[in-house]
Amino acid sequence: MKTILEKYADLLVHYCMEIKPGDKLFIKTTILAEPLLREVFRSAIRAGATVDTELEFREQNRIFFQEAQPAQLSRVSPLYQLAMETYDAYLHIRAPFNLGESNGSTAEKTQIHQQAYQKASDAYFRRTATRELKRNLCQFPTQASAQKAGLSLEEYEHFVFNACKLNDPDPIESWIKVRQNQQRIVDHLNKSSEIQYKGEGIDLTFSCRGRIWMNSDGQTNMPSGEVYTSPVEDSVNGMVRFSLPALYGNDEVEGATLYVKDGYIEKWEASKGIEVLDRVFKIEGTRRFGEAAIGTNYDIDRMTKNILFDEKIGGTVHLAIGQSYLQTGGKNQSAVHWDMITDMRNGGEIFTDGEKIYENGHFTI
């Protein structure tokens, strides 16, 4: 019988990235994820891939941003650049030592480093949009993430593995069923033009005419369980108060409330962290929405302050300010893509072209 990490590795290699003989796979993680990395390496080699890895060590980012000079900040890893431009698959296994490790970086240093990686980022977004680069983001449970979630490490391990359906007899078959179930929803949404999110603290309409709703079935993120699109940029109207805390890096905003007219966020409020919104909304492209989505993973039943999981909570919707997704037809551009989540399980409704299709956190079609 396979161990849970062997099942995790096979899911990532054979379902998420669909590794084929001759594929070039690049894996980025930390040395804490070595148990999972070893099994992914084994599974990928058995599948006929070639594998290269980049491993971060404890406080690497803190030391780098504390000590690096402009020339060092501007250097791009040649392996990372090559991988984004030419490799067939990219796996990022999150396994943090300390979620506050990069707090000491200045805005100036961060900007220099981000600008240096712009060419690699452009290649990443272009190639992942068409799946020319088969990309997956996943999580290996560590003490830092467990503590952030308010759970013991053992509880957090169970949460992560359950969200990925690794306790099922055949996780791949389980995710294929997710794909099939969500495809019916996506097919309906892709025949629609006008969407309305309505409920406690939210009354928002937008057009998705000419846009594509995507079926997020675990191939890009593991876990997944959402359907999403990029709304027509000037079509969003109404207001939304996000019931879950909105996390921007290590900053937290509570009660974030946005007022939107013709796609432009005209006003915002918050019960905590208003200065974070004030700062972010000065960044180009952030006062329009790049994503509208609906979470469908009911195995994720709590907020863990990790957007990889939180945005998929079954019975929630989320909206992202800033960068759109090319694969949905979105056109908004920004250095920011910030997801904010609100609960729809207490009377929330979704309408497509006037027809109710969703109530109290569940689709009714």
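Where is the place of D262? Select D262 in this predicted model: the residue sits in the loop between strand 13 (257-261) and strand 14 (264-269). Check its backbone angles while it is selected. D262 is not a glycine, yet its phi is positive, about 50 degrees.

**A second loop**

Next, select M222 and P223. The peptide bond that runs from M222 to P223 is cis, and its omega is near 10 degrees. P223 belongs to the loop between strand 8 (221-222) and strand 9 (226-229).

**Helix 1 and helix 2**

Now go to the start of the chain and show residues 4-16, which form helix 1, together with residues 34-46, which form helix 2. Their axes come within 8 Å and cross at roughly 50 degrees. An angle between 35 and 65 degrees counts as oblique, and helix 1 and helix 2 are therefore oblique to each other. The crossing of helix 1 past helix 2 is right-handed. To see the contact, display the side chains of L5, E6, Y8, A9, D10, L12, V13 and H14 on helix 1. On helix 2, add P35, L36, E39, V40, S43 and A44. Colour these residues by class: nine are nonpolar, two are polar and three are charged.

**Helix 1 and helix 10**

Keep helix 1 on screen and add helix 10, residues 171-189. The axes of helix 1 and helix 10 come within 9 Å, crossing at roughly 50 degrees. This pair is therefore oblique as well: helix 1 and helix 10 are oblique to each other. From helix 1, select K7, D10, L11, H14 and Y15; these meet P171, I172, W175, I176 and R179 of helix 10. The contact of helix 1 with helix 10 has six nonpolar residues, one polar residue and three charged residues.

**The second largest pocket**

Stay with helix 10 and turn to the second largest pocket. Which helix gives the largest share of its lining? Helix 10 does, with nine residues. The whole lining has 19 residues. To find the centre of the second largest pocket, select V178, N181, Q182, I185 and T296, the lining residues that lie nearest to it. The volume of this pocket is about 360 Å³. By class, its lining divides into six nonpolar, eight polar and five charged residues.

**Helix 3 and helix 6**

For the next stop, show helix 3 (residues 60-67) and helix 6 (residues 107-116). Here the axes come within 10 Å and cross at roughly 105 degrees. Helix 3 is therefore roughly perpendicular to helix 6, since angles of 65 to 115 degrees count as such. The contact involves F64, F65, Q66 and E67 on helix 3, with K109, T110 and H113 on helix 6. Two of these residues are nonpolar, three are polar and two are charged.

**E67**

End the tour on a residue of that contact. Select E67, which is in helix 3. Which residues does E67 contact, leaving aside its neighbours within four places in sequence? They are Q72 and K109. Then draw a distance from the C-alpha atom of E67 to that of F57. These two residues are ten apart along the chain, and the separation is 16 Å.

Key
Residues numbered from 1 in each chain as written. Predicted model: local features only at pLDDT ≥ 70, side-chain atom pairs only at ≥ 80, totals over all residues. Heavy atoms only, no water. 1 Å grid on protein atoms, 1.4 Å probe; cavity = no way out; pocket = protein on both sides within 12 Å on 5 of 7 lines; lining within 4 Å. Points joined across faces, edges and corners; volume = space filled by probe spheres on them. Helix = DSSP H or I, 4+ residues; strand = E, 2+ residues; numbered from the N terminus. Nonpolar A, V, L, I, M, F, W, Y, C, P; charged D, E, K, R; others polar. Axes fitted to C-alpha atoms, helices over the stretch in contact; angles between N-to-C directions. Parallel < 35°, antiparallel > 145°, perpendicular 65-115°, else oblique. Left-handed = near helix turned anticlockwise from the far one by under 90°. Contact = heavy atoms within 4.5 Å.
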